[in-house]
Each structure stands twice: as C-alpha cells, then as structure tokens.
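Student: Could you take me through one part of this model up close? I'd like the strand pairing and the charged contacts around it.

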Amino acid sequence: MAGTETVCLSFRDGAAGGEENQSMEVRTVKYADRQGNRWEEESLQDRFLEKIYGSRLGRAAARVLAAPVVSRIGGRLLETRASRLLIPGFVKRNRLDPGEWEARSFASFNDFFTRKAAPGMRPQDPEEDVLISPCDGRLLVSPVTGQGRFLIKHTGYTAAQLLRSHRLARRFYGGWALIFRLTVQDYHRFCYVDDAARSSTRRIAGCFHTVNPAANDAQPIYKENTREYCLLHTRRFGTVLMMEVGALLVGKIENYHGAGTVRRGQEKGRFAFGGSTVVLLVEPGKVMMDRDILENSRDGFETLVKMGQRIGKAAG
C-alpha cells in the first residue's frame, strides 16, 4: 500500500479560514485511493444536489426535507417488510458484493442496510501504534488552527461550533480534524480506534441535511446536523473525540455503549439508511497522519479508506 510514511505537511495559509460559506459553484468530487490514483466524479445525484443547494428556493426546500420528522417518517418506511423489495435494485445499482456480508435473510431494507460484514472482511492493522480508520468512507483531514478553525471542503468551521463547547474545543486547538464521509454504498458500522476509557455520549439535536459536498458548499451542515460524540481517553493517542453526524434519512445514530472501557476495533455503533459522517478530533502532537492522506487532503481529494485500515501512527 502506498503512503504509509507519516509526516507533517504545511497546508496553505487560510486553509482553515473564515466561518462563512464560499459562493456556490458546480464542482466534481475529487477522490484518491491508497495506491496513489486520483480521479474526479460527478454523479447524477451530485448534479441534482448542486442545483438544489445552488438556489435560494432549492435551499428552502432542502430545509424542509432536512427536518427531523421527515427522517423519522423515512426511517419507519424503510423498516417495513415491504421495503425488502428495494434490496435487489440497491445491490445492483451500487455494485455491492454479497460475499462481503453475513449471509442471512433481512426483515427490512434498513435491516439490510445495517448488515454486519462477513468475518475477515474488515481486518485491523496488526501494528498496535497505528491509528486505524473507524469506518469505511472518504477521508479528508484538516489541521485545526491555534484559534480552533478548520476547513471541510470549501466551508470553514470552528471546533467550538462543532462541539458547542469552547472549553472542550480548546483541547484540540493545533491538532487534526478527520472527516470520514460515508455514502450509501459504504459499510455503515463503525469501531473504536484504540483501547480506551470512554465517556458517556453527548447528543446535539439538529436537522438532517445530506452530507454530500454540494450541500456543504451551501450550508454549514456539520454545525447544523444532529450529532453525537464521546471522549476516548486512549492508550496510544491521547484524548480523541469521536463524533457521529446524522444525515438525510438517517434518523438513527445507534451507539451501543455508555461510559466504560472499550477495545481497539470493537464495534461502537452503526448508522441507519443514508449518507453519514464520522469525525475524529485529535490533540496536537499525538498522531502523525500518513503522507498520502495529508497530500490528498491538501489538494482537495478525499481518500477512500476501510474500517481497520492504517491512516496514521502514534507520534513519538
């Protein structure tokens, strides 16, 4: 695998700049893999969402769709037995491999969507001082400035906005924000990144915008969407904040545990249907991110990662 060297890279000045959104424009989504390949895509969904979030009327309609009640209704429909009829088309359209999940019958579409991977399909990196990815997804890494600012694609945020706590946010100033964006074809379970003592979960109520980059260009979705987080006092990486962000039609973020002791690679929870996001905040000087991920992020490319895969290493 390319890019396992861990380094510090300089991001352009202003990369974690102001809090206001940039002007909306049509963009392709830029991806990279761990073998050094890069490419750009624009799907029908991307173009549709660009049109919706690119106009004032469309954004007003999107706010209605992002209301929690809409996600709750959608979630109930996808939990009916009749929703099983959607499974074959979904598998074909997204080119999913049935060999990647446990073979069993499903009670509903959502039961299928939250399926468990077959044994051996999400192996952990065996090196103990390696930071593993908590989920499948498209990873973007942003430095958190000394003032707590960071950038997700073209939108500036602050750690305090994300957490709604200035006191807690200050712990991560000068560290890293790791944004794992999941799309519908990804595996929607997530795990702990290290052995740790975890805190209880805090929930911040909000709405359910899509996490597609087209929406992030127009709406500060990561400070508006419903989200949950806990603190992991880890064995190797200091204190890591792990957050799950709900998205359109994800009425349920299912975290399994309360405060207590957890293990590296142990399943933490799962998302119901839709795109969604996992966010890690790490303290300064605790993690050296892999070179390829930093270079891709600096150039605006999301890196495709799998749960359990190496993404960095303990500093020092």
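Tutor: Here is a walk through the strands, followed by the salt bridges. One bit of housekeeping: this is a predicted model, where local features need pLDDT of at least 70 and side-chain atom pairs count only at pLDDT 80 or more, while totals for chains, interfaces and linings use all residues. Residues are numbered from 1 along each chain as its sequence is written, and side-chain values use heavy atoms, with hydrogens and water left out.

Let's start with strand β11, residues 227-234 (strands are DSSP runs of E, at least two residues, and helices are runs of H or I, at least four, numbered from the N terminus). Of its 8 residues, 7 are buried, so β11 is largely enclosed by the rest of the structure; buried means under 20% relative accessible area, exposed over 50%, and partly exposed in between, with a 1.4 Å probe and protein chains only.

Now its partners (two strands pair if DSSP finds at least two bridges between them). Strand β12, residues 239-245, runs antiparallel to β11 and is joined to it by 7 bridges, with L231 opposite L241. The two make a hairpin with 4 residues between them, and G238 in that turn has a positive phi of about 65°. Strand β9 (196-198) is also antiparallel to β11, through 3 bridges; there, A196 has T234 as its bridge partner. Strand β10 (202-204) likewise joins β11 by 3 antiparallel bridges, and R202 stands opposite Y229.

Next comes an open sheet of 3 strands, ordered β8-β15-β13 with antiparallel pairing. Its edge strands are β8 (189-191) and β13 (253-255), each pairing on one side only. Between β8 and β15 (267-271) there are 3 bridges, and C191 is partnered with E267.

E267 also brings us to the charges: it forms a salt bridge with K116, the closest N and O atoms being 3.1 Å apart (that is, a side-chain nitrogen of Lys or Arg within 4 Å of a carboxyl oxygen of Asp or Glu). E267 lies in β15 and K116 in the loop between α5 and β3, so the pair ties together parts 151 residues apart in sequence. E267 counts as buried at 19% relative accessibility, whereas K116 is partly exposed at 35%.

Within the sheet, E254 forms a salt bridge with R270, with closest N and O atoms 2.5 Å apart. Since E254 is in β13 and R270 in β15, this pair links parts 16 residues apart in sequence. R270 counts as partly exposed, at 22%.
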